[in-house]
Each structure stands twice: as C-alpha cells, then as structure tokens.
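The following report describes one model through its helices, charged pairs and aromatic rings. Cut-offs are given where a term is introduced.

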Amino acid sequence: MPEQLTTAQERLTLAAAHWHTPEDAPGLWLKARITLMLTEQDADRAQRYQDALREVTLQLAQEHERRERFRQAVFDKPDATRIWWLDRHLDDLNSLDWDVFKEKILPLVGAADDIQSKAERIAQTLLYVWEKLGDNPGQHARFTTTVRTVLEQMGWTDALAWLAPDELSASDAPGSGRDDGEEPHPVAEAGAAR
C-alpha cells in the first residue's frame, strides 16, 4: 500500500542517511539515499484496495450517523416513539400490538422521566397485586391495612382517600376481616426495619 511504502522508505532513508561502515569492509564508509517504488500493477492493486477500504469506511460512518439520527428523532422521547410505532402500523391497524411495543420498544427509549411509562408500570404492579389477592377478603383487608400503615408512617395520610370509608373502618377493627384463622401480625414501628 502507498502509505506503507512511504513508511518503509522513510525508515530506510533514516537508517542509511548517516555515514557508516559495513562490518566486513574496514575503512569503507557509506551513505545512501534509497527510493522504493511499486510496480504499476502493484500500485494499481494497492490503490483499488485503498479505494474499497475508504468506501466501506464511509458506508459504515454513514450508517452510524443514520442510526444516531434515527435514535435521536425516535427514541429520545417516549411520545415520539409511540407516534413512530403508530405510523409504522397505519396501513394495518389490526397488527398494532401495544404489548409488543411496551415489552420490546419502550425499554429502548432514553427518557427516564416518561410519566406515562411510569404510570403503566405502577398500574401493572397494582394489577399483579390485585390478581394475587384474588377473592379472599382476609387478604384484601390485610393489604389495605398494610397500605394504610405505610401511608401513615410516611406522613401521606392525604393519600388515604383512595380507600373506601368502609375499608378504613373495617381495617381499623380488631381482627380486621381475618377469616383465615391467622393471628394479626404486629405492625412495625416507624423507621424500624423488618
């Protein structure tokens, strides 16, 4: 390659540019100027290789820039990502699968302050808890009591409004809705770890 040829010539020139004496010829001093050249065929082959290498490097750089612009335009903001997902399925809205979007696409979004995504995660967690509670009134009462206790210990009593008044009074009652035969568990004091 031309740049390797230049490097080799510079090294040889540096090595031969100063006066020196060969080992087997005492009294003989030499100094040389060396020029290396490629044959025309080798120079053409080296140039084609360099051109191909330059083209591939340019293509990779363009692809990287295209992906970076796409990421900035689509994946920096959750709303832009949702619009992109909807736009991709405009021709066939029946194939629009928001579950796939939530599981595969939304985690790629770089915004950590996506209120809608956080709300969806919280809603999914609450739905999971609700399904785990099932139809057992004892479990419901225990969960309600636990939530009420946590909110009170955090000083967030204004958040108790989501509990129905009958749930508040039922959870305050001794043995609150326990039909599973278990003894009530003591509630941890504020700041105590369990």
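The buried residues of helix H2 are Ala 46, Gln 50 and Val 74; buried means under 20% relative accessible area, exposed over 50% and partly exposed in between, with a 1.4 Å probe and protein chains only. This is a predicted model, in which local features need pLDDT of at least 70, side-chain atom pairs count only at pLDDT 80 or more, and totals for chains, interfaces and linings use all residues. Residues are numbered from 1 along each chain as its sequence is written, and side-chain values use heavy atoms, with hydrogens and water left out.

H2 covers residues 40–74, and its 35 residues reach 50 Å from the first C-alpha to the last, close to the expected 51 Å. The expected span is 1.5 Å times one less than the number of residues. Helices (H or I, at least four residues) and strands (E, at least two) are DSSP runs numbered from the N terminus. The protein chain has seven helices and zero strands. Buried residues make up 16% of its 194 residues.

Charged pairs come next. A salt bridge is a side-chain nitrogen of Lys or Arg within 4 Å of a carboxyl oxygen of Asp or Glu, and by this rule the count is nine. The table lists three of these salt bridges.

| Pair | Closest N to O | Place |
|---|---|---|
| Glu 63 and Arg 66 | 2.7 Å | helix H2, three residues apart |
| Arg 67 and Glu 63 | 2.9 Å | helix H2, four residues apart |
| Arg 82 and Asp 79 | 3.1 Å | helix H3 (residues 78–88), three residues apart |

Salt bridges that share partners join Glu 63, Arg 66 and Arg 67 into one network. Within this network, Glu 63 is partly exposed at 28% relative accessibility, Arg 66 is partly exposed at 47%, and Arg 67 is exposed at 53%. In H3, Arg 82 has a relative accessibility of 11% and therefore counts as buried.

The structure also holds six aromatic pairs. Rings of Phe, Tyr and Trp (its six-membered ring) pair if their centres lie within 6.5 Å; planes under 30 degrees apart count as stacked, over 60 as edge-to-face and the rest as tilted. The ring centres of Trp 98 and Phe 101 are 5.2 Å apart and the planes stand at 80°, so this pair is edge-to-face. Both residues lie in helix H4 (residues 98–105), three residues apart, about one turn of the helix. Trp 98 is partly exposed at 34% relative accessibility, whereas Phe 101 is buried at 2%. One aromatic cluster is formed by Phe 70, Phe 75, Trp 84, Trp 85, Trp 98 and Phe 101.

Trp 29 sits in the loop between helix H1 (2–16) and H2, and at 51% relative accessibility Trp 29 counts as exposed. Setting aside neighbours within four places in sequence, Trp 29 is in contact with Trp 19, His 20 and Thr 21, where contact means heavy atoms within 4.5 Å.

Helix H6 (residues 137–154) has 18 residues, and its end C-alpha atoms are 26 Å apart, which agrees with the 26 Å it should span at 1.5 Å a residue. Among the buried residues of H6 are His 140, Arg 148 and Leu 151. Just after H6, Gly 155 takes a positive phi of about 80°.
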